[in-house]
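Colleague: I would like a close look at a single part of this model. Please take one sheet and follow it strand by strand.

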2 protein chains.
Amino acid sequence: MKLLKEKVMAEGIVLGEQVLKVDSFLNHQMDPMLMKEVGSEFVRRFAGEGITKVLTIESSGIAPAIMTALELGVPMIFARKNKSLTLKEDIYVESVYSFTKRETNEITVSKKFLNADDRVLIIDDFLANGEAAFGLARIVEQVGASVVGIGIVIEKSFQPGSKLLKEAGYRVDSLVRIASLENGTVTFVEGE
Amino acid sequence: MKLLKEKVMAEGIVLGEQVLKVDSFLNHQMDPMLMKEVGSEFVRRFAGEGITKVLTIESSGIAPAIMTALELGVPMIFARKNKSLTLKEDIYVESVYSFTKRETNEITVSKKFLNADDRVLIIDDFLANGEAAFGLARIVEQVGASVVGIGIVIEKSFQPGSKLLKEAGYRVDSLVRIASLENGTVTFVEGE
């Protein structure tokens, strides 16, 4: 996605070989017009898949997911990372390890919002090791519903998540794929 | 806002006299079409205010805030509740107590995204005791920027937040105001 690639080049900050900071438009400050374009691009890429729900995880996945769901005209669900007091029963739970935060979270989705006949598009802002995406996919599969695919805004292709997800049979579609962050420079996967 | 009031009546679940669960369209599953209408309504109510930024707090504020920011054509910023590894310096910090979760969070906003000449609209999903809104407002004022107003999706008017914020001089505009949750029933403020 050309617009997104330009934004990464203009505003992304490389913090070491593993971390790309994009908090000016995706992770902290958000560019709503870009998020709308991101949503439209996911809808285009997953056209004809009969998606009934969009599933993401708090917090940075919410904006791209809600824009995608708006254009599809379907509900969006965001998995929570902590069980809150008002969501304490009838939930699906999966454990997800965050390499960035170095902690394991329980991610939860209320059982009443997913059904066996749902066709679910999973959306997330980043794909690195794939922990969050696998956790979300396991929740969908606990229900007996289908994972239509996994739509990622920025994929760090030098980390194993994308490969592992594809090996597990999931369709992964990333709007921007980064081959390397070495030498303080963003190098995209060829052909992007 | 009629559409929102109808949604609260149809899908809101009263859990005791303090807690209204609206996780089918606002706090967990989200109705993107409704969120778009909510954004449009905030834009209408705060028209002519010269808003330059929309500020909210993760996670449930993000969807209404991004829809508002999209229609205004300005950036949206969501305050984070925990300092992450990639946001460790140059941040404004305020402590906010959550009565729901019975814990104090540090909420943070990166200094580079707010300037003294910003005119900031604060958006949040719920207003109860006003802790989050006051915390966000204090961050804006640390910068020397202006709080144009505080837009709330659902106000629990029987809790003190709205009164306290107005006494402190803020304009508070809530799309739905709830007078009481007594007897398992949602009673709206008269004239809603």
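What is the order of the strands in the open sheet of seven strands, and which pairing does the sheet have?

Modeller: The model is predicted. Its open sheet of seven strands follows the order 3(A)-5(B)-4(B)-8(B)-9(B)-10(B)-11(B), and the pairing is mixed. At the edges are strand 3 (29-30) of chain A and strand 11 (187-188) of chain B, each of which pairs on one side only.

Strand 8 of chain B is a useful place to begin. On one side, strand 4 (residues 53-57) of chain B runs parallel to strand 8 (residues 119-127) of chain B, and three bridges join the two. Lys53(B) has Val120(B) as its bridge partner in strand 8 of chain B, and Val54(B) has Leu121(B). On the other side, strand 9 of chain B is also parallel to strand 8 of chain B, with eight bridges between them. One pair of bridge partners there is Ile122(B) and Ile150(B), the latter in strand 9 of chain B. From strand 8 of chain B the chain passes through helix 4 of chain B to strand 9 of chain B, and this β-α-β crossover is right-handed.

Helix 4 (residues 131-143) of chain B lies across strand 4, strand 5 (76-79), strand 8 and strand 9 (146-156) of chain B. Its angle to strand 8 of chain B is about 165°. As for cover, eight of the nine residues in strand 8 of chain B are buried.

Now to chain A, which supplies edge strand 3. The loop between strand 2 and strand 3 of chain A holds Asn27(A). Asn27(A) has a relative accessible area of 13%, so it is buried, the cut-off being under 20%. Leaving out residues up to four places away in sequence, Asn27(A) touches residues of both chains: Val22(A), Ser60(A), Asp125(A) and Phe126(A), together with Phe78(B) and Arg80(B). The side chains of Asn27(A) and Ser60(A) are joined by a polar contact of 3.2 Å.

Strand 2 (residues 19-21) of chain A contains Leu20(A). Leu20(A) counts as buried because its relative accessibility is 5%. Apart from neighbours within four places in sequence, Leu20(A) has contacts that include Val8(A), Ile13(A), Phe126(A), Ile154(A) and Leu181(A). In the unreviewed UniProt entry, the annotation "binding site" covers Leu20(A), Asn27(A) and Lys156(A).

Technical notes:
Residues numbered from 1 in each chain as written. Chains lettered and ligands numbered in written order. Predicted model: local features only at pLDDT ≥ 70, side-chain atom pairs only at ≥ 80, totals over all residues. Heavy atoms only, no water. Pairing = 2+ DSSP bridges. Helix = DSSP H or I, 4+ residues; strand = E, 2+ residues; numbered from the N terminus. Contact = heavy atoms within 4.5 Å. Axes fitted to C-alpha atoms, helices over the stretch in contact; angles between N-to-C directions. UniProt positions renumbered as here; feature names shortened; annotations may be inferred. Buried < 20%, exposed > 50% of the residue type's maximum accessible area, 1.4 Å probe, protein only. Polar contact = N/O pair within 3.5 Å; in protein donor to acceptor, adjacent residues only side chain to side chain. Right-handed = clockwise from strand over helix to strand, strands pointing away.
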